[in-house]
Amino acid sequence: MNYQIMGETVPAVEFTLSRGESLYTQSGSMSWKTPNIKMETNTRGGIAKGLGRMLAGESLFMNTFTAEAENEQIAFSARVPGCVLPVDLTGSPGIIIQKGAFLCAQPSIDCQITLTKRFSAGLFGGEGFILEKLSGNGLAFLEVDGDKKELELAPGQVIQVDTGNVVAFESTVAYEIETVKGLGNILFGGEGLFLTRLTGPGKVILQTLNFNDFAGRIASLIPGR
């Protein structure tokens, strides 16, 4: 399987598939393909697993695309300005991703819901109690809003992040929500009530664009709102 990431503003990843090779993605992510690629839609793991993905902000159904001839092409595009990030999970303990970060993956990659270790992390974090875990041997492709920042946290090393700027982190990284300190900071700081605290060891992927904040700013400019 060969792939090429193209575009700089709203990028896409285009694959060249051999006969029998497959990729799966959530509904509505495919941008173009050649005719000899078959699409099959299902819940990929059953209704319960599909409903879990819905709670994590993804689609109930997944689409699997399989090449029926040699050198067939298919592309999946990002939905907002940003970048597409390939992640090789072979030999990895897996990564935890925020809702909306999954673009596509090889069939050998399992995508399932996972709960934050502390209920308060999801209840107050602003991005949902349920995240997703990707694991297996092969490639997955993530959608990053804006530009990416990759960090390798040492054991015990901490970084505090606005929740909307977290893309993914290895399952070895501890994840929790902490409150912003100081009443004045909470009332006038403009950074909200909570920050995500990530503690190493492990890899962390961040994004420069918090899409929820971006969408909120656009909405505030719409007349009549």
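How many of the 225 residues of the protein chain count as buried? The answer is 44%, and keep in mind that this is a predicted model. The protein chain has 4 helices and 19 strands, so to speak of strands is to speak of much of what follows. Contacts lean toward long range: of those with a separation of 6 or more, 77% are between residues 24 or more positions apart. On the outside, the protein chain exposes about 11200 Å², with carbon and sulfur atoms supplying 54% of that area.

**Two cores**

Nonpolar side chains tend to be buried together in soluble globular proteins. Here the largest nonpolar core has 20 residues, and I95, I97, L134 and L142 are the ones that touch the most other members. At least two residues of this core come from each of β8 (82–88), β9 (95–97), β10 (102–105), β11 (109–115), β13 (139–145) and β16 (166–170). Leaving aside residues up to four places away in sequence, L134 touches a list of partners that includes L89, I95, I97, F102, I109, C111 and L142. G94, D110 and A140 are also among the residues L134 touches. There is a second, separate core of 14 residues, and V13, I74, C104 and L139 are among its members.

**Strands and pairing**

One open sheet is built from 4 strands in the order β1-β2-β7-β4, with antiparallel pairing. Its edge strands, β1 (2–6) and β4 (30–33), each pair on one side only. On average, neighbouring strands of this sheet are turned by 20° against each other if direction is ignored. V13, already met in the second core, stands opposite F76 in β7.

Elsewhere, β8 has 5 of its 7 residues buried, so the rest of the structure largely encloses this strand. Here are two strand pairs side by side:

| Strand pair | Sense | Bridges | Opposite residues |
|---|---|---|---|
| β2 and β7 | antiparallel | 6 bridges | V13 and F76 |
| β8 and β13 | antiparallel | 7 bridges | C83 and V144 |

**Aromatic rings**

Which residues do ring pairs link into a cluster? They are Y3, F15, F65, F76 and F141. The count of aromatic pairs comes to 7. Take F15 and F141: their ring centres are 5.0 Å apart and their planes stand at 90°, so this is an edge-to-face pair. F15 belongs to strand β2 (residues 12–17) and F141 to strand β13, so the pair ties together parts that are 126 residues apart in sequence. Both F15 and F141 are buried.

**Backbone oddities**

Two loops deserve a look if you check backbone torsions. In the loop between β18 (194–199) and β19 (202–207) you'll find P201, which a cis peptide bond joins to G200, with omega at about 25°. The loop between β6 (62–67) and β7 (72–77) holds N71. Phi of N71 is near 55°, a positive value in a residue other than glycine. Is N71 buried or exposed? Its relative accessibility is 57%, so N71 counts as exposed.

Definitions and conventions:
Residues are numbered from 1 along each chain as its sequence is written. This is a predicted model: local features need pLDDT of at least 70, side-chain atom pairs count only at pLDDT 80 or more; totals for chains, interfaces and linings use all residues. Side-chain values use heavy atoms; hydrogens and water are left out. A nonpolar core is a set of buried Ala, Val, Leu, Ile, Met, Phe, Trp, Tyr and Cys residues joined through side-chain atoms within 4.5 Å. Buried means under 20% relative accessible area, exposed over 50%, partly exposed in between (1.4 Å probe, protein chains only). Contact means heavy atoms within 4.5 Å. Rings of Phe, Tyr and Trp (its six-membered ring) pair if their centres lie within 6.5 Å; planes under 30 degrees apart count as stacked, over 60 as edge-to-face and the rest as tilted. Accessible areas come from the Shrake-Rupley method with a 1.4 Å probe; for residues, only the protein chains shown count as cover. Two strands pair if DSSP finds at least two bridges between them. Axes are lines fitted to C-alpha atoms, for helices over the stretch in contact, and angles run from 0 to 180 degrees between N-to-C directions.
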